[in-house]
Amino acid sequence: MSNKSGLIVSMRNVQRHYGKRPDLLEKNKRIEESGKCPFCPAGIKKKKFAVLGELDDWNIVLSQFPYPDTVVHILVVPKRHIISSLDLRPLEWVHWPEILRIIKAKYPFIEEGFGIGMREKELGGVTLYHLHFHIIVPKTNIQGFAENPVNFPIG
């Protein structure tokens with residue numbers, strides 16, 4: 001499914017984020033040309049994401065492109081094709097405690113801390129026009145301190 005404008009990929013942001021990765025540029029070009037969103041339920045099944053959990057309105061999957069210096073990088077993706085958190089229904093927001101319980105059951109160390117990141121639309125820096133949240137746990141040193149704490153730079 002595509003968003004209202006018919007776009008699935010922000011090629012401008014793909015170029016900005018992955019300009020030195022011709023493989024990712026080509027992959028995103030193919031996604032845009034296909035007209036099929038990889039984060040919609042059919043796309044998640046087709047792409048064979050590692051699914052950690054599923055609720056009526058959400059898929060919880062491992063990122064196929066984890067950020068460097070992370071122990072785990074999870075994507076929380078609404079099943080409805082929406083592009084803005086403003087489009088989430090109140091009952092979808094209510095699921096967040098259960099989402100975190102599902103993640104904690106698989107990765108109990110998230111109690112030590114994690115980051116949640118989300119971008120919206122082209123100005124927010126998205127590459128895919130399907131709302132999703134990143135749950136990221138950084139690697140720690142032997143003392144338990146993150147050598148590279150989770151940072152979400154703008155742009």
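Two aromatic rings of Phe, Tyr or Trp, the last taken by its six-membered ring, are counted as a pair if their centres lie within 6.5 Å. I begin with that rule, colleagues, as the first result depends on it. The structure before you is a predicted model.

By this rule, the count comes to six aromatic pairs. One aromatic cluster is formed by Trp58, Trp93, Trp96 and Phe133. Such a pair of rings is described by two quantities, the distance of the centres and the angle of the planes.

Let me turn to the sheet. Five strands make up an open sheet, in the order β1-β2-β3-β5-β4, and the pairing is antiparallel. At the edges stand β1, residues 51-54, and β4, residues 115-117, each of which pairs on one side only. From one strand to the next, the twist averages 20°.

Within this sheet, strand β2, residues 58-62, pairs with β3 in the antiparallel sense over five bridges. Tryptophan 58 stands opposite proline 78 in β3, and Trp58 is also a member of the aromatic cluster. Helix α5, residues 96-106, packs on the sheet and touches β1, β2, β3, β4 and β5, the last of these being residues 133-138. The direction of helix α5 makes about 30° with that of β2.

I would next draw your attention to histidine 73. This residue lies in strand β3, which spans residues 70-78. Is histidine 73 buried or exposed? Histidine 73 is buried, because its relative accessible area is 3%, below the 20% limit for that class. The side chains of histidine 73 and histidine 134 are joined by a polar contact of 2.7 Å. Leaving aside neighbours within four places in sequence, histidine 73 is in contact with Val61, Leu62, Ser63, Phe65, Pro66, Tyr67, His134, Ile135 and Ile136.

Finally, the cysteines. How many disulfides does a search of the whole structure find? The search finds zero. Why do cysteine 37 and cysteine 40 not form one? For cysteine 37, the closest cysteine sulfur is that of cysteine 40, at 3.9 Å, which is too far for a bond. A disulfide requires the two sulfur atoms to be within 2.5 Å, and the separation therefore rules this pair out. Seen from cysteine 40, the closest cysteine sulfur is in cysteine 37, again at 3.9 Å. Both residues are buried: cysteine 37 has a relative accessible area of 3%, and cysteine 40 has one of 9%.

Methods. Residues numbered from 1 in each chain as written. Predicted model: local features only at pLDDT ≥ 70, side-chain atom pairs only at ≥ 80, totals over all residues. Heavy atoms only, no water. Buried < 20%, exposed > 50% of the residue type's maximum accessible area, 1.4 Å probe, protein only. Helix = DSSP H or I, 4+ residues; strand = E, 2+ residues; numbered from the N terminus. Polar contact = N/O pair within 3.5 Å; in protein donor to acceptor, adjacent residues only side chain to side chain. Contact = heavy atoms within 4.5 Å. Pairing = 2+ DSSP bridges. Axes fitted to C-alpha atoms, helices over the stretch in contact; angles between N-to-C directions. Phe/Tyr/Trp six-rings, centres within 6.5 Å; stacked < 30°, edge-to-face > 60°.
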